[in-house]
Amino acid sequence: MEKSEKPLITEDGLRTDGRGPRDLRPVKIEVGVVKNADGSAYIEHGKNKILAAVYGPSEVHPRHFALQDRALLRCKYHMAPFSVQDRKSPAPSRREIELSKVIREALEPSLFLEYYPRTSIDIFIEVLQADGGTRCASITAASIALADAGIPMRDMVVACAAGKVDGHIVLDLNDIEDKNGEADMPLAMMPNKGLITLLQMDGLVTQEEFKQMLELAMEGCNLIYQIQKKALKSTFIKTVEEV
Amino acid sequence: MVLFFENRELVTPGDLLAKGDYLAGENVFRINDEIYATRIGLVEYSNKKVSVVALKSFYVPSVNDIVIGKVVEVGTRGWMVEINSPFLALLRASDAFTKPFNPKNDELTSILDVGDVIIAKIIAYDRTRDPLLTIREHGLGKVKSGQIVVITPTKIPRVIGRKGSMISMIKNETGCNITIGQNGVILVRGKNPVMEGIVVRAIKMIEKEAHTTGLTDRVTDMIRREKMELKRNGKI
């Protein structure tokens, strides 16, 4: 990606896609889209389009992977070859393997894995279109898919990024801002207790800026949490009101 | 002592349901004196107990449950049975043979083969071992005819109804024999496949509208309507 010629933040404080520094991209969530899965969700977070499906708990295959004291949580994050500008090889890349692990570890604290020993819960995340911040959107979608599968949870998990672009602290970076900005910090949390399950950062910021970013990202998470909750409820309310 | 929702309000995992001196019921967990939901469902406050009636769940085996399952594997000493739960269940050969079982002479497949559907009872289960089944009781054993409906296990109580009101109504109206597996699998056996079809549709309707009131009356109406329709077409 070549450096963009336009400034990332204009003089009147607007970003490349016309947002203010503290604005979220539009988020749209659908629940129960994959019929064969036990639970599923589809999220559109700005230009990101991501599908998450959950299977389980069920017997572990291959058998020797089973854990005797808790359920095995497996997560596969995959980007479709057409999800980015240049075709991505469909084989799992280094980055995808790392993201699979990071997403799994962000979701793990929300589940009661010790309730279902010797079983596995499998999460499949397919990125259909990517525009920066896919790991955050994936975590948000996967958490809804887990709830939709009827798997008991301590709390939902939501994720949102904050970062520094052209010297400004901004919320929810898109692809251009992520690549050309100074810092990007994805954060996942369980909103009811305010527990952080994922915190990563690349780039350089001062301690003061980091605090601002953390606060902003948590604010963003709470906004997405409301959307997440509404989406989850609306699918079930529909069945209540159909009568 | 504070409640944060109305009775029978829709809640999502992580919602704080109550604070204070309450008991934690189903699908909730507590941290100190706060009770949170763990599944999406309708919250229920009764006396001091807080619980959530889950809208979606999976079957966790429990001793003495009647389940309906499918044989997926024939081993040397027994069968593995898929019972719509996270674990495969085991049915021992010695349980199915009337005479002492001898792996040399007795052919397991002469009794049950892969793909056979059985009604069984869970006689042993804890989280460290797979559930153990028996078919040595009245009404259990291989299923020879009928239709199968699979619904979310949490909605089984609704299909049975208060003191069996719903299920006995369906039986009376259609003359079909209905066996309910606690694992969400229901077997419908009737004289006539058309009648079985009506029962299947009625059960699907109960699953969809499980959380509404006056459901028994609506299901009765629906069955009677379908019966009239069939009579007019001369199918029964």
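**Cysteines, paired strands and two selected residues in a predicted model**

A:C75 is buried, with a relative accessible area of 14%. This value falls under the 20% limit for a buried residue. The structure described here is a predicted model. No disulfide was found in any chain; the count over all chains is zero. A:C75 is accordingly in no disulfide, and the nearest cysteine sulfur, that of A:C136, is 14 Å away. A:C136 is in no disulfide either. For A:C136, the nearest cysteine sulfur belongs to A:C160, at 6.2 Å. A disulfide requires two cysteine sulfur atoms within 2.5 Å, so the 6.2 Å between the sulfurs of A:C136 and A:C160 does not qualify. A:C136 also counts as buried, at 3% relative accessibility.

Chain A also contains A:S234. This serine is found in helix 4 of chain A, which covers residues 207-241. A:S234 is partly exposed, with a relative accessible area of 37%. That value lies between the 20% and 50% limits, so A:S234 is classed neither as buried nor as exposed. In sequence, A:S234 and A:E30 are 204 residues apart. In space, their C-alpha atoms are 9.3 Å apart.

In chain B, strand pairing was examined next. Strand 1 (residues 2-3) pairs with strand 3 (residues 16-19) of chain B. The sense is antiparallel, and the pairing runs over two bridges. B:V2 stands opposite B:K19, a residue of strand 3 of chain B. Strand 3 of chain B also pairs with strand 6 (residues 34-37) of chain B. This pairing is again antiparallel, over three bridges. In strand 6 of chain B, B:E34 is the bridge partner of B:K19. B:K19 thus has B:V2 opposite it and B:E34 as a bridge partner.

A further strand of chain B holds B:T179. This threonine lies in strand 16, which spans residues 177-180 of chain B. B:T179 is buried, with a relative accessible area of 16%. The classification follows because 16% is under the 20% limit. The side chain of B:T179 makes a polar contact with the side chain of B:R189, at 3.1 Å. Leaving aside residues up to four places away in sequence, B:T179 touches B:I68, B:I119, B:V185, B:I186, B:L187 and B:R189. B:R189 therefore appears both in this set of touching residues and as the partner in the polar contact of B:T179, which is within the 3.5 Å cut-off.

Terms used:
Residues numbered from 1 in each chain as written. Chains lettered and ligands numbered in written order. Predicted model: local features only at pLDDT ≥ 70, side-chain atom pairs only at ≥ 80, totals over all residues. Heavy atoms only, no water. Helix = DSSP H or I, 4+ residues; strand = E, 2+ residues; numbered from the N terminus. Buried < 20%, exposed > 50% of the residue type's maximum accessible area, 1.4 Å probe, protein only. Polar contact = N/O pair within 3.5 Å; in protein donor to acceptor, adjacent residues only side chain to side chain. Contact = heavy atoms within 4.5 Å. Pairing = 2+ DSSP bridges.
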